[in-house]
Amino acid sequence: MLLRSARYSIQKAHAELKFADPFHPRDGLGVWWEAVKKSGEPLPAPPPFSGLNTPGEIQSWRQTEPNAVVIVAEIGYIEITAIAPAIIRVRFNPSHSTFPAPFSYAVQPEVAEWKPPAISIEKGETALNISTDALTVRVHYAEGLIDFLDSDGNPVNTDGGGIGWNDDWVGISRTLPADSPAFGLGEHAQPVNLRGKTYPVWARDPGGHYHTSTDPLYQAHPWLVSLHQNRAFGIFLDNTRLSHFDLGDSHPKRAIISANGGELRYYFIFGPQLRDVLARFSQLTGTMPLPPLWALGYHQARWSYKTETEVLELAREFRQRKIPCDTIYLDIHYMQDYRVFSWNKKRFPNPAEMMKTLRPDGFKIVTIIDPGIKADKLNDVAEDGLKKDVFVKMPDESVFKGPVWPGDCYFPDFTNPQVRIWWGEQFRQLVDDGVAGFWTDMNEPAVFGYGDATMPRTALHDFEGRFATHAEAHNVYGLQMARATHDAIGTLRPNRRPFVLSRSGFSGIQRYAAVWTADIESTWEHLALNLSMVLQFGLSGVPFSGADIGGFYGTPTPELYARWMQLGAFFPLYRTHCADTFPRQEPWSFGAEVEAISRRAIEMRYRLLPYFYTVLHHATTTGVPMVRPMLMEFQDDPRTHALDDQFMVGSDLLAAPVLTPATESRAVYLPAGADWFNYHSGEFFNGGQTITVAAKLSDPPPMFIRAGAIIPHWDLIQHTEQFATLPTVHLHYYLGDGDSWLYEDDGKGKEYQHGRYKRTRFICRSDDSGIRITTRTDGKYAPPYDTLTWHIHSPQAISPLAIIADDVAITEWDIEPHGITFRTPIIQRLEIRR
């Protein structure tokens with residue numbers, strides 16, 4: 001949120017400041033304005049790769065562990081370690097032959113406990129081959145080049161120039177064939193395929209809003225995913241310093257990855273399926289914990305809802321208008337003088353009572369939390385932090401102090417375990433008041449008035465007792481703040497699942513927080529960008545993300561807002577948010593027509609919540625994202641590889657919302673390898689074709705269901721607490737062969753970790769004689785309903801001879817144009833004879 005209105009006129013900024021709590025950054029508004037201009041200063045750039053030192057010829061090698069080999073080069077040492085059969089770690093040291101156990105904020109500590117895979121070593125005429133069951137690492141004697149081959153000896157990714165280093169930079173050059181896409185890198189305002197540019201990996205607030213030319217952004221993920229001859233692989237640079245990913249920019253067929261110091265340590269992960277690469281990357285960096293069910297509901301935010309009265313009125317509007325909503329956000333105006341962990345008692349005289357009032361209507365409150373602690377002797381949090389020595393310091397041992405919203409602030413050193421505990425204790429009053437979740441903002445960290453809009457790179461951090469400058473700690477500052485916040489809520493509310501939303505992060509952020517695309521603009525370009533950015537997050541191991549619906553900066557047209565509401569209904573995080581100097585963006589803010597469109601989009605989301613929750617649970621166990629590019633599900637269909645305006649939610653729901661203005665129809669490609677049903681009309685289509693579908697503003701967004709799938713639905717509810725009162729779950733089966741899942745638990749607590757869940761597998765088969773559906777269940781959770789409502793969708797009308805549920809005949813059903821509907825108790829076998 002740094003400088004959110006930085007590019008507004010100074011007059012507008014002054015007008016806002018007069019209305020809001022006082023804001024007096026050090027040296028006045030001029031520092032704020034200078035920070036805007038400086039925030040775009042270029043970052044250090046690596047030298048040409050050809051000018052770096054290289055290891056040279058291989059001299060010898062030795063096996064140091066059952067799964068590791070150290071190779072002695074002419075200059076330096078290379079360690080090759082098989083972490084798993086399809087995960088290889090490569091390290092380089094220019095001067096030492098010993099490689100101590102690596103420290104990483106991204107890689108889970110549990111990885112060190114994995115059983116090492118067996119490797120075989122073959123000394124060839126020109127290269128050393130180190131092999132697992134899945135991969136061969138080929139190290140060429142002549143120049144120390146490293147190739148990765150599959151188990152059949154086919155190249156997956158070959159060396160494009162070797163390892164390079166000098167006093168300031170380390171890096172690698174890998175081949176990037178002309179037909180290979182490039183994905184990942186977390187957050188960049190670019191199309192899904194990142195090929196053709198150089199991307200800095202450095203967490204930075206761009207200053208209020210951003211464009212496609214703005215880079216870097218808030219998140220830093222040094223992770224590249226690509227395909228070669230339809231086999232997927234990933235490269236993770238486990239280095240927290242500033243890095244650059246040159247993806248065919250300086251050389252059209254090279255991916256050059258450089259870091260501004262630190263150890264050269266990277267992981268090569270093989271698929272060959274893209275979903276396998278992401279699953280293995282998530283095994284390495286961790287999967288997200290299951291959030292509360294309400295996190296999948298609709299969220300309403302604004303900078304800011306400034307008073308208790310305004311919040312209560314907002315909640316009443318949602319319920320009176322019958323627009324489902326679960327969550328209301330409080331931005332910085334709820335604080336006293338922008339001091340974190342405080343309430344402005346004039347604006348919010350009794351926050352605990354306010355949240356108690358909201359609770360029967362199912363509303364949760366999420367409050368923003370910034371890392372900057374107002375440097376004020378009257379601020380008890382700051383004084384306690386100084387006393388306990390929790391803040392980042394400079395080399396001269398002085399506490400670093402820099403201006404943010406409250407003025408001069410201290411910044412906790414979240415890389416210190418004791419500081420994380422101290423930070424967690426500060427949440428106690430907010431949790432006791434009833435705040436349900438926390439939104440960590442400004443955590444790049446953003447600081448007004450410094451050249452890179454953050455603290456100096458010479459600032460010092462504990463770094464888990466290893467000690468580091470901010471140059472090394474910067475990219476993980478937001479990650480560690482999210483970690484401290486997530487762990488605090490888990491401690492203070494031990495029987496409830498935490499919800500944390502973080503603006504900044506590094507690889508591994510999914511273990512602690514959801515993320516969003518931050519201060520986007522209210523433009524059609526950004527509507528489309530938001531889809532590609534959410535897909536990028538998913539391809540970077542972060543399955544729970546979203547965007548500010550309607551745009552944070554600017555005023556959307558009614559049409560744009562309506563289309564954004566339709567798109568956002570498919571994102572994991574479904575949240576409207578906007579800046580205070582622009583008009584409000586509630587679903588009813590743009591007139592009756594857009595209100596009706598928004599209501600229908602939100603209602604569709606709530607009806608589909610059991611499907612979304614099942615897909616979310618799958619993401620927490622496998623790392624495969626909820627929202628997926630088409631090629632992830634249909635990698636063998638080359639026509640899906642370039643599609644970036646349609647996507648999959650889970651394995652079975654294809655969404656193709658409209659991303660362009662004045663659109664009445666759009667083309668949708670239905671991938672080969674499956675048949676499809678139009679979700680809204682029931683019309684059946686064979687796969688492998690492009691069709692044109694109606695897509696007027698008044699139409700629901702185009703959606704298709706894979707044949708053979710069961711898509712669970714709920715009756716319409718106004719908030720997720722109401723699911724506990726539902727008498728039935730609706731099971732929509734789309735004729736064909738397939739397996740589907742339904743995951744259920746109480747949506748709140750952690751008992752699911754101890755078996756209190758219900759997971760149902762549906763095995764669906766159909767032929768000319770009829771339909772057979774068998775269920776397999778596990779878990780100890782009993783859902784609230786006792787009835788299943790079946791909706792059988794078929795290309796043709798169905799006239800069943802008999803319907804048998806667990807050997808009991810069902811005698812009543814309703815015939816519909818494309819199928820039948822009937823009810824059963826909870827059963828294990830269903831047969832429809834025809």
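Me: How many disulfides does a search of the whole structure find?

Reply: A disulfide is recognised from a pair of cysteine sulfur atoms within 2.5 Å. In this predicted model, the search of the whole structure returns 0 disulfides. Cys578 illustrates the result: the nearest cysteine sulfur belongs to Cys325 and is 14 Å away.

Me: Is Cys578 buried or exposed?

Reply: A residue counts as buried under 20% relative accessible area. Cys578 has a relative accessible area of 1% and is therefore buried. Cys764 is likewise buried, at 0%.

Me: How should two packed helices be described, and what are the values for H10 and H11?

Reply: Two packed helices are described by the angle between their axes and the distance between the axes. Here the axes of helix H10 (residues 524-539) and helix H11 (residues 558-568) come within 10 Å, crossing at roughly 5°. Angles under 35 degrees count as roughly parallel, so H10 and H11 are roughly parallel to each other.

Me: Which residues make the contact of H10 with H11?

Reply: From H10, the contact draws on Trp524, His526, Leu527, Asn530 and Leu531, while H11 contributes Glu559, Leu560, Arg563, Trp564 and Leu567. By residue class, the contact of H10 with H11 divides into 6 nonpolar, 2 polar and 2 charged.

Me: Turning to sheets, what is the order of the strands in the open sheet of 3 strands?

Reply: Pairing between strands is read from the bridges that DSSP finds, at least two being needed. The order in this open sheet is S23-S25-S24, and the pairing is antiparallel. Strands S23 (373-374) and S24 (402-404) each have a single partner strand and stand at the edges, so one side of each lacks a neighbour in the sheet. Between S24 and strand S25 (residues 407-410) there are 3 bridges in the antiparallel sense. Within this region, Gly402 lies opposite Cys409 of S25.

Me: How many residues of strand S47 are buried?

Reply: In strand S47 (residues 787-793), 7 of the 7 residues are buried, and the strand is mostly covered. Burial can then be read face by face. On one side of S47 the buried residues are Thr787, Thr789, His791 and His793, and on the other they are Leu788, Trp790 and Ile792, leaving both faces covered.

Me: Which strands are joined to S47 by bridges?

Reply: Strand S43 (residues 728-734) runs parallel to S47 and is joined to it by 7 bridges. One of the pairs there is Val729 with Leu788 of S47. Strand S51 (residues 819-825) runs antiparallel to S47, also with 7 bridges. In that pairing, Ile792 has Ile820 of S51 as its bridge partner.

Me: For a single residue, where is Ser282 placed, and what does it touch?

Reply: A residue can be read from its element, its accessibility and its contacts. Ser282 lies in helix H3 (residues 274-285). With a relative accessibility of 2%, Ser282 counts as buried. Setting aside residues up to four places away in sequence, Ser282 touches Gln108, Thr287, Gly541, Thr622 and Gly623.

Me: Where is Asn53 found, and what is it in contact with?

Reply: Asn53 belongs to the loop between helix H2 (29-38) and strand S1 (58-65). Its relative accessibility is 37%, so Asn53 counts as partly exposed. Apart from neighbours within four places in sequence, Asn53 contacts Ile163, Gly164, Trp165 and Asn166.

Me: How many Å separate the C-alpha atoms of Asn53 and Gly688?

Reply: Separation along the chain and separation in space are read as two values. Asn53 and Gly688 are 635 residues apart along the chain, and 50 Å separates their C-alpha atoms.

Terms used:
Residues are numbered from 1 along each chain as its sequence is written. This is a predicted model: local features need pLDDT of at least 70, side-chain atom pairs count only at pLDDT 80 or more; totals for chains, interfaces and linings use all residues. Side-chain values use heavy atoms; hydrogens and water are left out. Helices (H or I, at least four residues) and strands (E, at least two) are DSSP runs, numbered from the N terminus. Axes are lines fitted to C-alpha atoms, for helices over the stretch in contact, and angles run from 0 to 180 degrees between N-to-C directions. Angles under 35 degrees count as roughly parallel, over 145 as roughly antiparallel, 65 to 115 as roughly perpendicular and the rest as oblique. Contact means heavy atoms within 4.5 Å. Ala, Val, Leu, Ile, Met, Phe, Trp, Tyr, Cys and Pro count as nonpolar, Asp, Glu, Lys and Arg as charged, and the others, Gly among them, as polar. Buried means under 20% relative accessible area, exposed over 50%, partly exposed in between (1.4 Å probe, protein chains only).
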